[in-house]
Amino acid sequence: MQGFVGFGIPVWMRRLITMVPAFVIALNCNATSAMVLSQVVLSFVLPLPLVALVVLSSRESVMGDFVAGKSDRGCSVVATILIVLLNVVLIMEIVR
């Protein structure tokens, strides 16, 4: 992503951003409930990057010669719809 967005994050900052939340959760929470909660949060936020990935990889203006073919687009759309539907089912189960 660094070349695509035009800026970079230092390695030490990336490691800090990923490790600190894990240590905070490990020290203060039940691991099982933290895992379930993390999956619920991912269910809310996962569709956005999935849809963006399918849309951007299908555009020749973005991908150039590496644009996804029709079969790749079809498979990625089906997989995205399946993942989103499964996430909706998970969220509905948690809410009930």
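**Helix packing in the predicted model**

Helices α3 and α4 sit oblique to each other. The model is a predicted one, and in it the axes of this pair lie 5 Å apart and make an angle of about 40°. An angle between 35 and 65 degrees is neither roughly parallel nor roughly perpendicular, so it falls in the oblique class. On the α3 side, the contact is made by Leu 42, Ser 43, Phe 44 and Val 45, which meet Pro 47, Leu 48 and Pro 49 of α4. Sorted by class, the residues of this contact come out as 6 nonpolar and 1 polar, with no charged residue.

As for the overall layout, the protein has 6 helices and 0 strands, so that, read from the N terminus, its elements simply go α-α-α-α-α-α. The radius of gyration is 18 Å, whereas a compact globule of 96 residues would come in near 12 Å. Along the principal axes, the C-alpha atoms fill a box of roughly 50 × 40 × 15 Å. Buried residues account for 10% of the 96 residues. Of the contacts between residues at least 6 apart in sequence, 52% link residues at least 24 apart.

Back to α3 itself. This helix has 15 residues, and its end C-alpha atoms are 21 Å apart, in agreement with the 21 Å that 1.5 Å a residue would give. Its buried residues are Ala 34, Val 40 and Ser 43. They pack against α2 (residues 11–28), α4 and α6. Ser 43 thus turns up twice, as a buried residue of α3 and as part of the contact with α4.

Helix α6 covers residues 70–95, which makes 26 residues, and runs 37 Å from its first C-alpha to its last, close to the 38 Å expected. Its buried residues are Thr 80, Asn 87 and Ile 91. The cover over these residues includes α3 (31–45) and α4 (47–58).

With α4, the picture is one of helices running in opposing directions: the axes of α4 and α6 come within 10 Å and cross at roughly 170°. Since that is over 145 degrees, the two count as roughly antiparallel. From α4, the residues involved are Pro 47, Leu 50, Val 51, Val 54 and Ser 58, and they meet Arg 73, Ser 76, Val 77, Thr 80, Ile 83, Val 84 and Asn 87 of α6. The class count here is 7 nonpolar, 4 polar and 1 charged. On the α6 side, many of these positions follow a recurring spacing, as one would look for in a helix: with 3.6 residues a turn, residues three or four places apart point the same way.

Asn 87, in helix α6, ties several of these threads together. At a relative accessible area of 12%, Asn 87 falls under the 20% cut-off and is therefore buried. Apart from neighbours within four places in sequence, Asn 87 touches Ser 43, Leu 46 and Pro 47. Of these partners, Ser 43 is itself buried in α3, while Pro 47 is one of the α4 residues that meet α6.

For a look at another part of the chain, Val 11 is in helix α2. With a relative accessibility of 39%, Val 11 counts as partly exposed, because this value lies between the 20% and 50% limits. Val 11 and Leu 53 are 42 residues apart along the chain, and their C-alpha atoms are separated by 24 Å.

Definitions and conventions: Residues are numbered from 1 along each chain as its sequence is written. This is a predicted model: local features need pLDDT of at least 70, side-chain atom pairs count only at pLDDT 80 or more; totals for chains, interfaces and linings use all residues. Side-chain values use heavy atoms; hydrogens and water are left out. Helices (H or I, at least four residues) and strands (E, at least two) are DSSP runs, numbered from the N terminus. The expected span of a helix is 1.5 Å times one less than its number of residues. Buried means under 20% relative accessible area, exposed over 50%, partly exposed in between (1.4 Å probe, protein chains only). Contact means heavy atoms within 4.5 Å. Axes are lines fitted to C-alpha atoms, for helices over the stretch in contact, and angles run from 0 to 180 degrees between N-to-C directions. Angles under 35 degrees count as roughly parallel, over 145 as roughly antiparallel, 65 to 115 as roughly perpendicular and the rest as oblique. Ala, Val, Leu, Ile, Met, Phe, Trp, Tyr, Cys and Pro count as nonpolar, Asp, Glu, Lys and Arg as charged, and the others, Gly among them, as polar. The radius of gyration is taken over C-alpha atoms; the globule rule is 2.2 Å times the number of residues to the power 0.38.
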